[in-house]
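Student: I have a structure to read and do not know where to begin. Could you take me through it, feature by feature?

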Amino acid sequence: MKPWLLLFTTSLMSAETVSDPAKWSPEARVKTLEVFQQEVYGIDPSAKFKSEWKLDRESEIMDGKVQRREYVLTLGGTLRARALAYLPAGKKNAPAFLGLNFRGNHTLEEDGWITKTNDQERGKAASRWPVKMITDAGFALVTVHCADFDPDKDDGFKNGVHALFPQERDGTSWGTIAGWAWGLGRVRDQLQTVSEIDAEKVVVIGHSRLGKTALWAGASNEKFAMAISNNSGCGGAALSKRKHGETVARINKVFPHWFAGNFRKYDDKEETLPVDQHQLIACIAPRPVYVASASLDDWADPEGEFLALKLAAPAFGETLGEMPKAGGSVGTKKIRYHIREGQHDINAWDWERYLKAAKELL
Ligand code: GCU
């Protein structure tokens, strides 16, 4: 047995958490999430707040086949997030993908219609969001710029969702990833008011740091019907205890705002972590989950991403075969994995597979 695998079986014997995914139960899931909140992502605030959702603008695109809309979500009267939505025209209750984008909604398309919120070039991220493919497959797509919920900066937790819930911070206070995931949950709640979308069929998706966010959102919020982690790596799908590619110490040093302060206790001491990322994936059960890697993305540890899903499989009542070669997929039921040939990215090749899985599983 590989030494890091032994660590799972020794340090995670606590019966209350999903230490053994085969013993998954709703209670074990809740306990596991508590440990992830305390030690990894931080605790969401429990204070009440007001949430408003207004349709701001609307246009028809793709020869009338798609309704494009901008909604404004206002939280606590002050925090504003602009959601860009694409809805297959004339369809009620479409299943939907919901994900944050890195640099602004206007980076999805060159079209000048989309509200531009910063200097990033229009359409820059178009290859990551194949809108036509998604809507042709009968799905809606909703996205928000992650910075609307919290700027991706180590700036003392003074803005975004943190300004909405001022608090004395300690080691368990939430970081930016938890803030982003919480924001996704608030958008999902509002999708209940959009008749074109079936809010019971919302897939949360994200790439890289936003893939870590999608996993945390999917694990901690049962209202998401399915979660997709694209190249999420350390603090996402990859097992921390393998220490391959990006490590806990390195991620905490370079991105000190992403996690709870407590996560730093495990810098260069991954073996002492009370949980590892396969347990996070297990918290998505019994809802479906898709984990994907890219062959040249060693930094995100493709093998660690695959093994976490494989170790989580019993929580879904499944087993996963061997890791596929670059370009291959595995999993036919609720848990799916693929490894695309190429660099750290998300593109149409990934989306084709996500759409197929979502069609089969929702
Ligand atoms: C960096 C970081 C990763 C992250 C990635 C991204 O490479 O080290 O943890 O996933 O940025 O979000 O693109």
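Tutor: We go from the overall build to the ligand, then to a cavity and two backbone details; keep in mind that the model is predicted.

Student: How many helices and strands are in the protein?

Tutor: Begin with a count of the elements. The protein has 10 helices and 10 strands. Its radius of gyration is 19 Å, close to the 21 Å that the globule rule gives for 362 residues, so the protein is as compact as a globular protein of that length. Along the principal axes, the C-alpha atoms fill a box of roughly 60 × 45 × 35 Å.

Student: Which residues are around the ligand?

Tutor: For a ligand, list the neighbours and then sort them by class. Here the neighbours are Phe102, Ser208, Arg209, Lys212, Glu246, Ile251, Phe255, Trp258, Trp299 and His344. By class, this shell has five nonpolar, two polar and three charged residues.

Student: Which side chains have a polar atom at a listed distance from an oxygen atom of the ligand?

Tutor: Look for pairs of N or O atoms within 3.5 Å. An N or O atom in the side chain of Ser208 is 2.7 Å from a ligand oxygen. For Lys212, a polar side-chain atom lies 2.8 Å from an oxygen atom of the ligand, and for Trp299 the distance is 2.9 Å.

Student: How much of the ligand does the protein bury?

Tutor: Compare the ligand alone with the ligand in place. Alone, the ligand exposes 320 Å², and the protein buries 82% of that.

Student: How many cavities of 30 Å³ or more does the count give?

Tutor: The count comes to one. The largest cavity holds about 50 Å³ of space. It is lined by 14 residues, of which Cys234, Leu239, Ser240, His244 and Glu246 are the closest to its centre. The lining divides into six nonpolar, four polar and four charged residues. Glu246 is also one of the residues around the ligand.

Student: What should I look for in the backbone?

Tutor: Look for exceptions to the general pattern. Most residues other than glycine have a negative phi, and most peptide bonds are trans.

Student: Where is the cis peptide bond?

Tutor: It joins Ala285 and Pro286, with omega about 5 degrees. Pro286 sits in the loop between α8 (277-282) and β8 (289-294).

Student: Which residue other than glycine has a positive phi near 50 degrees?

Tutor: That residue is Met62. Its place is in the loop between β1 (51-61) and β2 (66-75).

Notes. Residues numbered from 1 in each chain as written. Predicted model: local features only at pLDDT ≥ 70, side-chain atom pairs only at ≥ 80, totals over all residues. Heavy atoms only, no water. Near = heavy atom within 4 Å. Polar contact = N/O pair within 3.5 Å; in protein donor to acceptor, adjacent residues only side chain to side chain. Areas by Shrake-Rupley, 256 points an atom, 1.4 Å probe, with all protein chains shown as cover. Nonpolar A, V, L, I, M, F, W, Y, C, P; charged D, E, K, R; others polar. 1 Å grid on protein atoms, 1.4 Å probe; cavity = no way out; pocket = protein on both sides within 12 Å on 5 of 7 lines; lining within 4 Å. Points joined across faces, edges and corners; volume = space filled by probe spheres on them. Helix = DSSP H or I, 4+ residues; strand = E, 2+ residues; numbered from the N terminus. Rg over C-alpha atoms; globule rule 2.2 N^0.38 Å.
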